[in-house]
Structures are given as C-alpha cells and as structure tokens.
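Reader: I'd like a close look at one part of this protein, and then a walk outward from there. Here is the model I have in mind.

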Amino acid sequence: MRNAQKNFSKNLLLTDDDIGDDHIMTSLSTPMRPDAFDLSDEEKMAKIEEHFREIMLTMGLDLTDDSLRGTPKRVAKMYVQEIFSGLNPKNKPTVALFENKYGYYEMLVEKDITFYSNCEHHFVPIVGKAHVAYISNGSVIGLSKLNRIVQYYAKRPQVQERLTMQIAQELCNILGTDDVAIVIDAHHLCVSSRGVQDVNSSTVTAYYGGEFMKEARKTEFLQYLNLSSKSNVTEVLQS
Ligand SMILES: [Zn+2]
C-alpha cells in the first residue's frame with residue numbers, strides 16, 4: 001500500500017467554505033472522536049431525532065402535520081442503521097478467504113458495483129459505480145464480499161478519494177497483497193443539485209497497487225471496464 005497521506009499543512013490556509021466547495025480530504029481515516037461509540041445506537045437515534053426536530057422547527061416547518069411528524073425519527077433511524085452504518089466497526093463485513101484451488105492467477109475484476117454514499121461536506125448523496133480488481137497471491141475472496149466492503153465504506157460521510165483509498169487499503173489487508181486496483185466513477189449531488197449545478201459531470205478516482213502499477217496490467221483492467229459506458233451512473237440516478 002502506497003503512503004496516501006502527504007503533507008496537508010497547506011489546508012490550514014483554507015476556510016471551511018473552501019474545503020467544502022473544493023471537496024478536500026484532510027485524512028485517510030474517517031475523522032472520528034475518541035468517544036464515538038460511547039453511546040448505543042438507540043441512544044444516538046434518540047439524540048439525532050431530537051436535534052433533527054430542532055432543525056426542522058428552526059426552518060419553520062410545522063411538525064404537527066401528519067406528513068412531517070415522524071420525519072425526525074425516520075431520519076435518525078436512517079442515519080444510524082442505514083446510510084451511516086459504516087461508521088461503526090461492528091457493521092464491518094466479516095470476510096472469509098478461500099484457498100485458490102483453481103490455480104487462477106489472472107486478475108479478477110468485479111465491476112459495476114453500485115453504491116450510495118454521502119458527501120461529508122454537504123450531507124447529500126454521492127451515487128456511483130465501483131470497479132474492483134485483484135490478483136490472488138494464494139487466497140481468494142467471495143465475490144459478494146467485494147461488494148459488501150464497498151458498501152461498508154460507502155455508508156459513511158465521505159469524499160470520493162478517501163472512499164477509494166479505504167476500499168483499497170481494506171482489500172490489501174484482507175488479501176495480503178498489493179495487487180489491487182479500484183476505479184470509482186460517481187455523481188455528486190452537491191455538484192449537480194446545488195453549487196455549480198453541473199448535472200453532467202462525474203468524478204473518477206483510481207487506485208493502482210503492485211502489479212497494477214505496470215502499464216499492461218492497468219490497460220487490461222481498464223479495458224474490462226470499458227469506462228465509456230458512463231451512462232451507467234445516469235441510469236442509476238434515473239431509476
Ligand atoms: Zn459536497
């Protein structure tokens with residue numbers, strides 16, 4: 001695994017608005033407080049419900065309305081149990097490795113893994129496709145586990161660069177090899193639905209480790225992906 005963290009000290013010159021608008025990541029690990037798991041999920045949901053109710057009331061919404069009454073509770077449950085469940089290590093997928101009995105030592109590519117994440121600067125969705133590849137060094141991983149690892153790290157407030165690197169790091173650790181590649185192609189709703197309101201752009205990030213740093217391997221991987229089918233992401237958004 002290459003050292004992903006360079007010197008971020010120049011970030012000190014940036015304002016919070018700069019960091020949000022330019023989607024700058026300040027660390028590879030998700031910034032967490034030391035007391036992150038002192039509260040139970042139930043306690044967190046109760047607190048979030050209370051605070052989200054306050055946000056809605058501040059915006060002037062009438063919470064006695066039948067349609068709005070249950071929203072704070074729904075949002076709290078959704079945050080803790082669904083869209084941000086990847087913050088809690090207890091939800092990390094357990095991964096069993098198998099012996100590579102087939103003698104298959106070419107790359108394995110799992111492509112078009114659809115994921116939903118949320119931008120940590122605006123808390124609006126990031127919708128995308130992850131393409132993951134590795135070359136076995138003796139053990140193999142169940143295909144559904146590749147998908148589950150992507151989903152686990154997606155279910156956090158994220159920036160796409162960090163999501164890419166966290167998935168890469170996890171796969172390198174689990175598989176005991178640097179021969180891992182990831183490409184993520186995603187659409188950020190904070191870019192399309194607000195801010196510059198660019199509905200057509202998508203963001204591509206990549207990680208190439210070990211063998212994949214060689215041009216021939218990288219090219220082979222990218223050919224399997226046929227990245228020109230960018231419409232995939234648009235289809236996800238429209239469905
Ligand atoms: Zn954003």
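Reader: Where does Gln197 lie? Take me through that spot and then whatever you find worth showing around it.

Author: Keep in mind that this is a predicted model. Gln197 sits in the loop between helix H7 (189-192) and S7. Its backbone is worth a look: phi of Gln197 is near 50°, a positive value in a residue other than glycine. As for its surroundings, Gln197 has 8 C-beta neighbours inside 10 Å, so it counts as exposed.

There's another residue of this kind to put beside it. Asp112 also has a positive phi, near 60°, and again this is a residue other than glycine. Asp112, though, is found in strand S2. With 14 other C-beta atoms within 10 Å, Asp112 is partly exposed.

Now follow the loop of Gln197 into S7, and you're at the sheet. Five strands make up this open sheet, in the order S5-S2-S3-S6-S7, with mixed pairing. S7 (203-208) is an edge strand, and so is strand S5 (157-158), each of them pairing on one side only. The partner of S7 is strand S6 (residues 180-188): the two run antiparallel and share six bridges. If you want a spot to find the register, Ala181 stands opposite Tyr208 in S7.

Next, look at what lies over the strands. Helix H8 (residues 215-225) lies across S6 and S7, and also across strand S2 (107-119) and strand S3 (125-135). Relative to S2, H8 runs at about 65°.

Elsewhere, there's a helix pair to look at. Helix H2 (residues 41-58) packs with helix H4 (residues 71-83) at an angle of about 135°, their axes 8 Å apart. H2 and H4 are therefore oblique to each other, and their crossing is right-handed. On the H2 side, the residues that meet H4 include Ile48, Phe52 and Met56, along with charged-group names such as Lys44 and Arg53. On the H4 side, Val75, Ala76, Tyr79 and Val80 are among them. Taken together, the residues of this contact divide into nine nonpolar, two polar and six charged.

Stepping back to the whole protein, the secondary structure comes to nine helices and seven strands. Of the 239 residues, 26% are buried. And of the contacts with a separation of 6 or more, 71% are between residues 24 or more positions apart.

How values were computed. Residues are numbered from 1 along each chain as its sequence is written. This is a predicted model: local features need pLDDT of at least 70, side-chain atom pairs count only at pLDDT 80 or more; totals for chains, interfaces and linings use all residues. Axes are lines fitted to C-alpha atoms, for helices over the stretch in contact, and angles run from 0 to 180 degrees between N-to-C directions. Helices (H or I, at least four residues) and strands (E, at least two) are DSSP runs, numbered from the N terminus. Angles under 35 degrees count as roughly parallel, over 145 as roughly antiparallel, 65 to 115 as roughly perpendicular and the rest as oblique. A crossing is left-handed if the near helix is turned anticlockwise from the far one by less than a right angle, and right-handed if clockwise. Two residues are in contact if their C-beta atoms, placed from the backbone, lie within 7 Å. Two strands pair if DSSP finds at least two bridges between them. A residue is buried if 20 or more other C-beta atoms lie within 10 Å of its own, exposed if 12 or fewer, and partly exposed in between; C-beta atoms are placed from the backbone.
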